Every structure is written in C-alpha cells, then in structure tokens.
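Hello,

Here is the structure we talked about handing over. Please look through it first; my notes come after it.

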Amino acid sequence: MPLFSKSHKNPAEIVKVLKENMAILEKQDKKTDKASEEVSKSLQAMKEILCGTTDKEPPTEIVAQLAQELYNSGLLVTLIANLQLIDFEGKKDVSQIFNNILRRQIGTRSPTVEYISAHPHILFMLLKGYESPNIALRCGIMLRECIRHEPLAKIILFSEQFRDFFKYVEMSTFDIASDAFATFKDLLTRHKLLVAEFLEQNYDVLLGELILDRHNFAIMTKYISKPENLKLMMNLLRDKSPNIQFEAFHVFKVFVASPNKTQPIVEILLKNQPKLIEFLSNFQKERTDDEQFTDEKNYLIKQIRDLKKPTA
C-alpha cells in the first residue's frame, strides 16, 4: 500500500507548492486569490501529516521527511516572515504546524530547536509580531512554545531585543499587552537557573526599565506602595553581588525619597531606622570617586533619620 494516494501529495510536493504560492502572495498581484486558496490547501495537508487524523497516527518517517523539507527549503522562515499575508484560518494552521514541529523529538534531540537556534532571527520575527495587531496573538502562541525550550529562551533573554518587551507590555491594545506580559512572565519564570544567571548579569535592565524609567511612573508608584517590595530591596542591599546591591540601592532610594509613602512603608522604615542609618553609613564605601552616589546616600540617611511616627 503506497504511503500517499493520488489525492495526497508527498511532503516535498506540499512544501514546493506552498513555497511557490507564498512567493505569489508576496508579490501582491492579481493572482493572489488563487495563491491564497493554494496556501490554505497546502497548510491543511501539512497539518494532516503532522497531526494525523482521528482514526490514524501520522507515520513517523513522513513527519521526518516533512520536517526536513521545511528546514531545507527555508519555508519555516517564509511562513513566519509573511504571516500577515495568510488568511485567518491559515494563520491558525501555521501556528499549529510550527508548535507541533517544535515539540518533535528524536531520542533526546529536538531538531527544530536546533534549527531555530541556528536561525535565531525566527525568534525575533515572532517577537516583532507584537507590533502587528493582525498577527500579534498568533506570534505570541508560537513564541511561548519556543520559550518552553531552554536554548531558545536563552537566546531571547540575552538579546538586545529582550528590551522590546517593556514596550509591548505597555501597548494600548489590551489583548496584545496582556499576551506580551504572559510571554514575558513565562520567559522570566520557566527556567529557574537560566533566569538566575540572567538576573545576576542584567539586574539593572529590569529595575532600570520597569521601575526608574519616567514613562513607567504608574508602575513605579504601584511598586513602591507595597511593603513586600521594600523588604525585598532591603534584602538585596545585602546581596553577595556588589552589582545587585548597587542596583537595589537605586530602587530603595525611590521608596525613601517618595513624598507619598504608604503607611506600611513608613512603619518598616521606622522599625529599622537605627539599623538602616548604620548600614547606609558603611554601604559600598569603596565608591569614593562616585560623588553622586555619596550625595544620594547622605540624602537617604537624612531622610530616614528625620522620619517620625505619624501622630494619631
């Protein structure tokens, strides 16, 4: 019994037809309606190979053949790069195909993870998808699937493009901002050791962007109103890493310098008043050439010393 009936093309044919019709869609000329129809059919056929049907599992060797064709032809890149040209159902099919092939394993190897690691611009195209409302949520689904794999999460975390998340989580379209935040949260919580390494090296990125940037005033105000955040910063002031201590100091000073401290914040500062004054007096004394830091430290000591219990 042949693997493909006459009505079912083999993986090489499906990829060839899909690639040819994607090229027609890119040109945006009169033939796009027919090409769009062919793209939809090819994506359906591809999805059937990968996912099987209700009554039968997909044959492993055919899935492997399709995966190899996708890698060799560069079609995976083409589909992501031109996602906005594909119709609504087709976009859904692309994300299902992408996520399915990403999960594929051969023993302990994940071939698609290896392929994307060698072509990291795929990750950055997905991330940039948040800037296009008609593909943003689909790109988010694929990006979160990528983040499940530590090598891909690492590429995003340690890239320049990581900072773009701060822009996307503030977008005016609520659905897109929420989706970007879900991806951002996944990236910073899924792989504990990787994230610990990232935070050690880039603590200033997170704190600087999220708390101290004037565009994020609302975030900062909310952040400095919560006593658990102040306690965290006070602990980080004693961290073994001088860099983390220094960055924590920059956030701690916002709590102390704020003219609108909440009652719980005032209570914590008062409770620790003598200890904080002593600690700050000896804090990073080796920074003798940093006049601004010394001035800020003296200012905070004065602010804490002048704190008084609110009169009833």
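The notes below cover confidence, two buried residues and the salt bridges.

Please keep in mind that this is a predicted model. The mean pLDDT of the protein chain is 88, and 91% of the residues reach at least 70. Confidence varies by element: the highest mean, 98, belongs to helix H7 (residues 121-128), and the lowest, 71, to helix H12 (residues 192-212). At the start of the chain, residues 1-7 stay under 50, and the model gives them six contacts beyond four places in sequence. Where pLDDT is low, the coordinates should not be read in detail.

Two residues may be worth finding in the viewer.

Isoleucine 86 lies in the loop that runs between helix H4 (75-81) and helix H5 (88-103). Its relative accessibility is 3%, so isoleucine 86 counts as buried, the cut-off being under 20%. Leaving out residues up to four places away in sequence, isoleucine 86 touches Met22, Val39, Leu43, Leu79, Lys91 and Val94. Proline 133 is 47 residues from isoleucine 86 along the chain, and their C-alpha atoms are 14 Å apart.

Phenylalanine 255 is part of helix H15 (residues 242-257). This residue counts as buried because its relative accessibility is 1%. Not counting neighbours within four places in sequence, the contacts of phenylalanine 255 include Tyr223, Ile224, Leu230, Lys261 and Ile265. Met233 is also in contact with phenylalanine 255; the C-alpha atoms of these two residues are 9.5 Å apart, with their positions 22 residues apart along the chain.

Now the charged pairs. Side chains of opposite charge can pair when their charged atoms come close. The count for this model is 16 salt bridges. One of them pairs lysine 47 with aspartate 93, with 2.9 Å between the closest N and O atoms. This pair links distant parts of the chain, since lysine 47 sits in helix H2 (residues 32-51) and aspartate 93 in helix H5, 46 residues apart. Both lysine 47 and aspartate 93 are buried.

Arginine 190 forms a salt bridge with aspartate 186, at 3.9 Å between the closest N and O atoms. At 37% relative accessibility, arginine 190 counts as partly exposed.

Glutamate 296 and lysine 253 form another salt bridge, with their closest N and O atoms 3.1 Å apart. Here too distant parts of the chain are linked: glutamate 296 is in helix H18 (residues 291-305) and lysine 253 in helix H15, 43 residues apart. Glutamate 296 is buried, as is lysine 253. Finally, Lys34, Glu37, Glu38 and Lys41 are joined into one network by salt bridges that share partners.

Regards

Conventions: Residues numbered from 1 in each chain as written. Predicted model: local features only at pLDDT ≥ 70, side-chain atom pairs only at ≥ 80, totals over all residues. Heavy atoms only, no water. pLDDT = per-residue confidence, 0-100. Helix = DSSP H or I, 4+ residues; strand = E, 2+ residues; numbered from the N terminus. Contact = heavy atoms within 4.5 Å. Buried < 20%, exposed > 50% of the residue type's maximum accessible area, 1.4 Å probe, protein only. Salt bridge = Lys/Arg side-chain N within 4 Å of Asp/Glu carboxyl O.
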